Amino acid sequence: AASSSAASIGAVRDSLVERLAVYDGIVTGAIALARVGDETAIVTHGRAVRGREEMAADGTWPIASITKMMTATLVLQLVEEGRIALGDDVRKWLPELDGAGPITVEQLLSHRSGLLRDPALGAIERVGFANTAGILELAGERGPQYAAGSEGQYSNIGFAGLGVLAERVLDQPLGEALRERIFEPAGMSSSTLGGRPSIQGYDPKPVTNYYLEYVPGAGSVVSTVADVDAFMRALWAGDLLDPELVADMRESRGLVQLNPFRRVDYGLGVMHDKVTCGAIVGHSGRIGGFTDEAWTLEDGSRSVVVTANDQEADSSVRSIVETALCG
């Protein structure tokens, strides 16, 4: 199957090899998977561990906020099964958030909850990195930043809450639920919630990722480029969720302030963006020492998954995305 721009996977692969070579000595290392129709190619460059191992196509890396697409899919499966509804007040399952006022499942999924983006590091140290419920309690005590539904502000705490909500509805640890409901059905044989990545992150020194412990539902899956591609393929094909719910997931709920410099159109756990050849849907991720992107052209003809084990690689990774989708 050829893409709308009729490029072959071989031509896209060659373009990626050239593009990644440009970053020799600039970025520690990168892995990029490009898909054109049903054909994929994986290109690697640089080092997984500086001065030692070269980047491998099956290297495992923290996918950071790309996790949010998986958590959202899990939560929407519960909606599909009638166990919860998008309009439900989440405090029914998350009493820790009582002080934050009424917040719906849909507002958590679309970053319109009024919750803080992240707790302060000192607060995390106080309650313990692995105590997500304790972090939610701190957010509840802090109260809303703005009235839920009135604006969009990116919140890792909100997605941490969705992970806890899924655990409580299913009476099952989040890692198990993701494995049974997302990883196995999508054929993601190398993915886990948490765990030790085989690739080391740099900023510019080696980074230890405490984030993998503190907000599992928001950003703690460790995976491979092939597994992330398998997830997106299964999701868009309607293999993980009813196609009507997939369409609803992709429907924009408005702009979300991603960081002080950038706002993005956001649906339910998915971002919308643009490249020179058209509109794209997927998610980006940033975690200590890594820059991650996973996108599909709106028409589904091409996809890309890329990670660089370098925290300052935004523009480099973005150009790799552009090459894979439009080159």
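Biologist: Is Cys326 buried or exposed?
Modeller: Cys326 falls in between: it is partly exposed, with a relative accessible area of 22%. Buried means under 20% relative accessible area, exposed over 50%, and partly exposed in between, with a 1.4 Å probe and protein chains only. This is a predicted model, in which local features need pLDDT of at least 70, side-chain atom pairs count only at pLDDT 80 or more, and totals for chains, interfaces and linings use all residues. Residues are numbered from 1 along each chain as its sequence is written, and side-chain values use heavy atoms, leaving out hydrogens and water.

Biologist: Which residue does Cys326 join in a disulfide?
Modeller: Cys277, with the two sulfurs 2.1 Å apart. A disulfide here is a pair of cysteine sulfur atoms within 2.5 Å. Cys277 is also partly exposed, at 40%.

Biologist: Where do Cys277 and Cys326 lie?
Modeller: Cys277 is in the loop between strand S10 (271-275) and strand S11 (278-287), while Cys326 is in helix H12 (residues 314-326), so the disulfide ties together parts that are 49 residues apart in sequence. Helices (H or I, at least four residues) and strands (E, at least two) are DSSP runs, numbered from the N terminus.

Biologist: Now the sheet. What is the order of the strands?
Modeller: The order is S2-S1-S13-S12-S11-S10-S9-S8, in an open sheet of 8 strands with antiparallel pairing. Two strands pair if DSSP finds at least two bridges between them.

Biologist: Which strands stand at the edges?
Modeller: Strand S2 (39-46) and strand S8 (255-259) do; each has a single partner strand, so one side of each is left without a neighbour in the sheet.

Biologist: How many bridges join S8 to strand S9?
Modeller: There are 4, and S8 runs antiparallel to S9 (residues 262-266). Leu255 stands opposite Asp265 in S9.

Biologist: On to helix H11. Which residues are buried there?
Modeller: In H11 (residues 243-250), they are Leu245, Val246, Met249 and Arg250. Seen down the helix axis, the buried residues fall within an arc of 140°, so they line one face of H11. The arc is that of the directions from the helix axis to the C-beta atoms.

Biologist: What covers the buried residues of H11?
Modeller: The cover includes helix H2 (67-80), H10, S10 and S11. Contact means heavy atoms within 4.5 Å.
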